[in-house]
Amino acid sequence: MSNLEFTLEDLKRILLEGAGADEGVDLDGDILDTDFEELGYESLALLETGGRIEREYGVEFDDDTLAENRTPRALVATVNALLSERVAA
Amino acid sequence: MTAKVVVTGIGVATPNGLGVDDYWAATRVGRNAIGRVTRFDPEQYPSKLAGEIREFVAEDHLPSRLIPQTDRMTRLALVAADCAFTDAGVRPGDIPEFDMGVVTASTSGGFEFGQNELKKLWSQGSQYVSAYQSFAWFYAVNSGQISIRNGMRGPSGVVVSDQAGGLDAIAQARRQIRKGSKLIFSGGFDASICPWGWVAQIAGGRMTTSEDADRAYLPFDANASGYVPGEGGALLILEDAEAARGRGAENVYGEIAGYGATIDPKPGSGREPGLRRAIEAALADAGLAPGDIDVVFADAAGTPELDRIEAEAISAVFGPGRVPVTAPKTMTGRLYSGAAPVDVVAAFLSMREGLIPPTTNVELSPAYDIDLVTGAARTANVRAALVLARGQGGFNSAVVVRAAD
Amino acid sequence: MGRRVVITGIGVLAPGGIGTKNFWSLLSEGRTATRRISFFDPSPFRSQVAAEADFDPELHGLGPQEIRRMDRAAQFGVVTAREALADSGLDLAGFDPYRAGVTIGSAVGATTGLDNEYRVVSDDGRLDLVDHTYAPNHLYNHFVPSSFAAEVAWATGAEGPATVVSTGCTSGIDSVGHAVELIREGTTDIMITGATDAPISPITMACFDAIKATTSRNDDPEHASRPFDGTRNGFVLGEGSAAFVLEELESAKKRGARIYAEIAGYASRCNAFHMTGLRPDGREMAEAIKVALDEARMNPEQIDYINAHGSGTKQNDRHETAAFKLSLGDHAYRTPVSSIKSMVGHSLGAIGSIEIAASVLAMENNVVPPTANLHTPDPECDLDYVPLTAREHRTDAVLTVGSGFGGFQSAMVLARPERSLA
């Protein structure tokens with residue numbers, strides 16, 4: 001994969017594919033700083049999402065990546081940091 | 001110990017009907033739903049016919065959060081559970097959560113989900129396997145998902161005894177009510193019409209290779225050539241009769257009155273198969289004599305040897321031609337763990353309408369001395385019915401259902 | 001009191017301990033049977049350790065046809081069922097075969113056989129329309145794992161009710177609980193019961209990798225399973241089987257049977273919460289424990305030993321510790337608790353029955369097996385987990401519990417049958 005940037009839109013797409021969306025949650029709203037739990041994604045949904053991001057973007061998360069990045073903003077930033085590390089390497 | 005257990009709600013999904021009304025409307029007139037497989041191209045396989053549920057769109061009924069983590073059979077079961085709850089008129093909070101449980105049967109689990117993940121594992125690599133695989137394919141998934149969706153924290157259970165399992169689950173549910181639970185969901189769903197599941201079913205050696213949808217699955221017919229598999233099943237809400245009355249349940253279909261089960265002796269032993277004994281045990285458990293039974297819903301394997309065993313067991317218990325026998329599953333194919341719960345539903349609906357649904361397409365072979373209801377439905381006063389189910393490996397189960405007083 | 005149910009025969013096949021005697025040696029000596037996976041190359045997987053059984057089906061009396069048609073888990077089940085029946089000294093030929101039934105627990109059925117056969121018919125995943133001409137007849141027996149119950153029935157001569165009980169990781173308790181219910185209600189007098197699983201295959205490793213449920217401690221396989229230890233980071237997959245002969249107490253006495261223990265109480269509950277997650281308060285497990293104790297007509301104080309689920313995942317060990325406190329009160333702090341999964345791994349549906357066997361052997365020997373590899377206490381797990389070495393301890397009654405995917409929680413109380421006569 002040559003995707004060099006991971007955006008909120010990418011995250012939303014992957015969340016929907018891998019875990020759907022809770023009724024009453026608008027992923028198109030202002031969700032950047034909302035905790036994943038509040039968005040209706042518990043650990044299992046995040047593991048599925050994380051696995052999909054890893055495969056599609058060729059990055060590798062630590063065991064704690066998903067536990068530590070609790071919001072879309074944090075996760076997007078982390079994925080992008082991993083992508084730029086990979087380019088630098 | 002002997003508390004009366006009644007059925008107060010039903011959810012059903014079969015190839016010939018989604019929901020109780022559709023299912024019965026199709027079944028009472030003998031509407032055949034067997035056809036060429038459409039879920040994949042069956043051309044290369046010796047068997048090409050199935051009973052498929054064609055009009056089910058899971059997304060119309062279930063939250064999108066559940067879709068990626070569920071196999072087709074779980075989606076069908078969850079929707080049926082919703083319908084059964086509505087049918088029973090149970091509202092959330094009516095019954096304490098620890099007094100409600102789920103006991104389902106499964107035959108092959110979420111086989112299609114498993115097929116997709118096995119494919120990813122071997123063609124792409126282990127890191128491609130879904131986070132949901134650990135439970136989405138396993139046999140316990142429907143009991144788990146139903147309990148979660150409906151807030152049921154009481155006794156749970158899952159039995160696997162091939163097609164006999166659907167009755168074993170109902171019996172286990174009744175047992176839990178007799179031990180003190182107020183409401184137990186029970187029944188079974190299977191949906192393994194995918195290439196991997198198809199090949200496994202072909203390996204069983206009992207599927208027909210006929211390509212004529214009206215002449216393929218012909219139990220008790222001289223031209224019986226095997227069975228046609230189908231997908232679907234039913235979920236029933238079982239309640240303690242007193243508790244149901246106490247909450248003002250309005251929709252009492254009838255009672256689960258008796259149960260018996262056996263397993264055949266090891267092949268080649270020369271001993272009698274266990275079906276007769278299972279029937280006798282179910283009648284004794286219900287406290288009924290053979291003459292009290294108004295109709296038998298047969299297992300109807302569709303292979304000459306197994307049809308003969310079933311006809312002989314029925315005649316041995318009831319006397320030759322002494323009780324009407326029917327097999328409406330000729331319209332849907334064999335639904336594995338879902339088959340017998342659907343027959344239990346048909347038995348209750350037969351009581352309501354006073355009508356025995358037909359065994360479609362079949363012309364009774366003179367080799368069997370049973371009174372098979374063929375052609376069209378038969379009017380009859382049905383107060384008690386016997387439902388039979390058998391699984392490969394020699395599983396025999398029998399349930400007696402009786403009209404509510 | 002109605003009909004009472006006792007264990008009169010035991011068969012065990014566990015990693016590091018095939019046969020009851022070897023199994024107990026492993027546990028009482030606190031040895032571990034976890035190792036780097038040898039069945040296939042584990043290097044692509046996150047978790048590369050498992051507790052494997054060194055099992056030779058021929059050596060255990062299976063014929064060539066049986067070996068060919070049965071998945072490894074079915075083979076285990078037949079071997080332990082035969083061992084249990086021989087141990088009981090019961091000859092079913094002298095009984096009405098319809099009064100003898102079979103319940104066998106299995107969480108994942110023939111998953112290893114299915115994984116192997118899928119590779120063949122799909123040409124390693126290349127074919128969507130998999131090729132039936134490469135499928136053996138026994139593929140159907142893998143498709144429907146009730147074949148396990150049929151095999152056990154045929155091997156033992158039982159012709160009463162037979163089924164596989166498949167409630168995920170509580171299957172091994174629920175299967176035995178189901179069997180107890182059949183004897184109590186009078187449907188059967190004898191049950192051949194237990195559980196079996198042989199899940200150590202690539203698909204199983206991959207599915208637990210995906211949710212990081214299994215340990216990644218690959219550098220130290222012998223010490224990888226660390227229930228209740230502060231450094232635990234997931235369970236270690238195992239395999240095996242345990243089988244039991246259950247009889248109605250009076251008829252067991254009449255024939256002079258050796259009685260290992262009474263199954264005095266059993267219950268299962270759901271968490272109605274999450275397919276893989278647990279509520280931290282442990283309430284539904286506590287509820288199952290309370291109902292099992294009620295059924296046994298026992299007080300928490302009468303429990304001498306708790307055989308824990310103790311899988312070694314962070315959430316389980318805390319959940320379970322909370323459940324013991326909730327159900328047993330202060331007595332939880334005074335009761336030894338241990339997890340044999342530290343030694344034999346987590347064999348999914350089988351482990352519940354293997355743990356029942358361990359519980360019965362603890363009563364037999366008045367020795368509580370240890371929790372191996374427990375060096376660093378977790379402040380949130382503050383009970384007496386019997387670290388590292390077995391302990392001599394008068395054990396008249398045991399509580400054994402299980403917890404599994406789907407939200408299932410089960411509890412069983414085993415006791416010396418003379419207990420309630422005192």
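Two strands count as paired when DSSP finds at least two bridges between them. I began with that rule in mind, and I note here that the model I am reading is a predicted one.

**Entry 1: a sheet in chain C**

I looked up strand β4 of chain C, residues 49-51, and found that 2 bridges join it to β8(C), the two strands running parallel. Within β8(C), the residue that stands opposite C:Ala50 is C:Leu237. I then followed the sheet outward and saw that it is an open one of 3 strands in chain C, ordered β3-β4-β8, with mixed pairing. Because β3 (34-36) and β8 (237-238) of chain C are the edge strands and each has a single partner, one side of each is left without a neighbour in the sheet.

**Entry 2: where chain B meets chain C**

I next asked how many residues each chain gives to the contact between chain B and chain C, and I noted 68 from chain B and 70 from chain C. On the chain B side, the elements that each supply at least two residues include α5 (141-150), α6 (165-178) and β9 (254-263), while the largest share, 7 residues, comes from α7(B). Sorted by class, this side of chain B has 29 nonpolar, 30 polar and 9 charged residues.

Strands also pair across this boundary: β6(B) and strand β6 of chain C, residues 162-165, pair in the antiparallel sense over 2 bridges. One bridge that I looked up has B:Val159 with C:Val165 of β6(C) as its partner.

**Entry 3: two helices across the same boundary**

I then turned to helix α3 of chain B, residues 111-123, and helix α4 of chain C, residues 111-122, which pack at an angle of about 75° with their axes 11 Å apart. Angles of 65 to 115 degrees count as roughly perpendicular, and α3(B) and α4(C) are therefore described as roughly perpendicular to each other. From α3(B) the contact is made by B:Leu118, B:Lys119 and B:Trp122, and from α4(C) by C:Asp115, C:Tyr118, C:Arg119 and C:Ser122. I recorded the classes in this helix contact as 3 nonpolar, 1 polar and 3 charged residues.

**Entry 4: where chain B meets chain A**

For the contact between chain B and chain A, I noted 10 residues from chain B and 13 residues from chain A. The residues on the chain B side divide into 6 nonpolar, 3 polar and 1 charged.

**Entry 5: inside chain B**

I checked the record for chain B and found that an unreviewed UniProt entry annotates residues 2-403 as "domain: Ketosynthase family 3 (KS3)". Over residues 2-403 the chain is 31% helix and 21% strand, and its end C-alpha atoms are 17 Å apart.

The domain assignment of chain B, by contrast, gives domain 1 (5-246) and domain 2 (259-402), and the C-alpha centres of these two domains lie 21 Å apart. Which residues join them was my next question, and I noted that the contact takes 56 residues from domain 1 of chain B and 55 residues from domain 2 of chain B. Among the elements that give two or more residues to the domain 1 side are β1 (5-14), α1 (20-28) and β7 (183-190) of chain B, and the largest share of that side, 6 residues, comes from α6(B). By class, the side of domain 1 that touches domain 2 has 25 nonpolar, 21 polar and 10 charged residues.

Notes:
Residues are numbered from 1 along each chain as its sequence is written. Chains are lettered from A and ligands numbered from 1 in the order in which they are written. This is a predicted model: local features need pLDDT of at least 70, side-chain atom pairs count only at pLDDT 80 or more; totals for chains, interfaces and linings use all residues. UniProt positions are given in the numbering used here, feature names are shortened, and annotations may be inferred rather than shown by experiment. Helices (H or I, at least four residues) and strands (E, at least two) are DSSP runs, numbered from the N terminus. Axes are lines fitted to C-alpha atoms, for helices over the stretch in contact, and angles run from 0 to 180 degrees between N-to-C directions. Angles under 35 degrees count as roughly parallel, over 145 as roughly antiparallel, 65 to 115 as roughly perpendicular and the rest as oblique. Two residues are in contact if their C-beta atoms, placed from the backbone, lie within 7 Å. Ala, Val, Leu, Ile, Met, Phe, Trp, Tyr, Cys and Pro count as nonpolar, Asp, Glu, Lys and Arg as charged, and the others, Gly among them, as polar. Domain bounds come from an automatic or database domain assignment.
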